[in-house]
Amino acid sequence: MPTESARSESAELGRYLRARRTQTTPARVGLAVGGGLRRTPGLRREELATLAGISIDYYVRLERGKETRPSPAVLDSLARALRMDEREHQHLRALAARAARYAPEPPPAPSRSVHPHQRLLLDSLRPNPAYVISRSMELLAWNPGGLALYAGMDDWPAKQRNLARYLFLHPAARELLPDWERQVAACAARLRAIAGTVPDAPDFAQLVGELLLKSPDFARLWERYEVAGRKVGRKTFQHPLVGTMTLTSHSLQIEGTPGQRIGVYTAEPGTPEHDALVLLDNAGSRQAAVRS
């Protein structure tokens, strides 16, 4: 049961957001105003939620004082959407920090553990590259080709291996993916979609905060507020070990896990692409043997 102090601090955060929302005109943030009657000259809740890349339900909870632990990434997105200056932004952060002090502890990050049967499944999929990925795109387990496919990924410690981090921050990614611009735009849109459902999750907030800080490309794409899910499709890789190959990607939800998925890339047997996957699997096995 929330205490009176908790209700007071979270209500103050909500009042500040509501005041800034009603004082920010659609024209100021580049929104076209339709011919319908508006009951307020400011932004509607759904407009601000869309601009900030969060769900309308989550924003309503914030404004009503029912959500007390918005992540730094959510606060930054709201500040940018409302065109806050540095002083106003700092005030928003201070209000959120005070509300959080009186709130229950947030849930821990999802477990990184992978069931042994899933590891057996990854091994059975060889030579097709396959891996288990978390909701925030962390690589949790892989077969030899699943790691070797992303050239240079094995240079990073296991806990640093994340597909979004690789796409935006690893120098090999641009050379590996000839359509890198399209791939990173799709990645940012997938992360935006996740932000609408778990904006305060510690694993997700940490990743977004890091990418905003380290990657101007990610910050630019994050500002677009595009939202998209995963799509089955074909991807081309210009791999330094096995050459150019175009593969079909698959993503399968793992039931009973905190958002984990299996990613697989396949090629028709007898094709040059399949031969390349066999070579990649062998190379990955050799690399794993050297590291062990």
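Is Glu210 buried or exposed? At 15% relative accessibility, Glu210 counts as buried, and the legend for view 1 shows the company it keeps. Please keep in mind throughout that this is a predicted model.

**View 1. Glu210 and Lys214 pair within helix 11.** Let's start with the residue from the opening question. The side chains of Glu210 and Lys214 form a salt bridge, with 3.2 Å from N to O. Both residues belong to helix 11, which covers residues 202-214. They sit 4 residues apart, or about one turn of the helix. Glu210 is buried because its relative accessibility, 15%, falls under the 20% limit.

**View 2. Asp281 and Arg126 join distant parts of the chain.** Here a salt bridge brings Asp281 together with Arg126, and their closest N and O atoms are 2.8 Å apart. Asp281 is found in helix 13 (residues 272-291), while Arg126 is in the loop between helix 6 (116-124) and strand 1. In sequence, the two partners are 155 residues apart. Their surroundings are worth a look as well: Asp281 is buried, at a relative accessible area of 6%, whereas Arg126 is partly exposed, at 32%.

**View 3. Arg220 of helix 12 meets Glu181 of helix 10.** In this salt bridge, the closest N and O atoms of Arg220 and Glu181 are 3.9 Å apart. Arg220 comes from helix 12 (residues 216-222) and Glu181 from helix 10 (residues 180-195), so the pair ties together parts that are 39 residues apart in sequence. Both ends of the bridge are partly exposed, Arg220 with a relative accessible area of 36% and Glu181 with 47%. For the wider setting, the structure holds 17 salt bridges.

**View 4. Helix 4 crosses helix 5.** Now for some helix packing. Helix 4 (residues 72-81) and helix 5 (residues 86-101) have axes that come within 10 Å and cross at roughly 145°. The crossing is right-handed. From helix 4, the residues Leu75, Asp76 and Ala79 meet His89, Leu92, Arg93 and Ala96 of helix 5. Sorted by class, this contact has 4 nonpolar, 1 polar and 2 charged residues.

**View 5. Strand 5 pairs with strand 1 and with strand 4.** Strand 5 takes in residues 261-266 and is mostly covered, with 5 of its 6 residues buried. Strand 1 runs antiparallel to strand 5, and 4 bridges join them. Within this pairing, Val132 has Ile262 in strand 5 as its bridge partner. Strand 4 (residues 243-253) also runs antiparallel to strand 5, joined by 6 bridges. There, His250 stands opposite Val264 of strand 5.

**View 6. Ser134 sits in the loop between strand 1 and strand 2.** This last close-up stays with strand 1 and moves on to the loop that follows. Ser134 is placed between strand 1 (130-133) and strand 2 (139-142). With a relative accessibility of 7%, Ser134 counts as buried. Which residues is Ser134 in contact with, leaving aside its neighbours within four places in sequence? They are Leu140, Gly259 and Gln260.

Definitions and conventions:
Residues numbered from 1 in each chain as written. Predicted model: local features only at pLDDT ≥ 70, side-chain atom pairs only at ≥ 80, totals over all residues. Heavy atoms only, no water. Helix = DSSP H or I, 4+ residues; strand = E, 2+ residues; numbered from the N terminus. Buried < 20%, exposed > 50% of the residue type's maximum accessible area, 1.4 Å probe, protein only. Contact = heavy atoms within 4.5 Å. Axes fitted to C-alpha atoms, helices over the stretch in contact; angles between N-to-C directions. Left-handed = near helix turned anticlockwise from the far one by under 90°. Nonpolar A, V, L, I, M, F, W, Y, C, P; charged D, E, K, R; others polar. Salt bridge = Lys/Arg side-chain N within 4 Å of Asp/Glu carboxyl O. Pairing = 2+ DSSP bridges.
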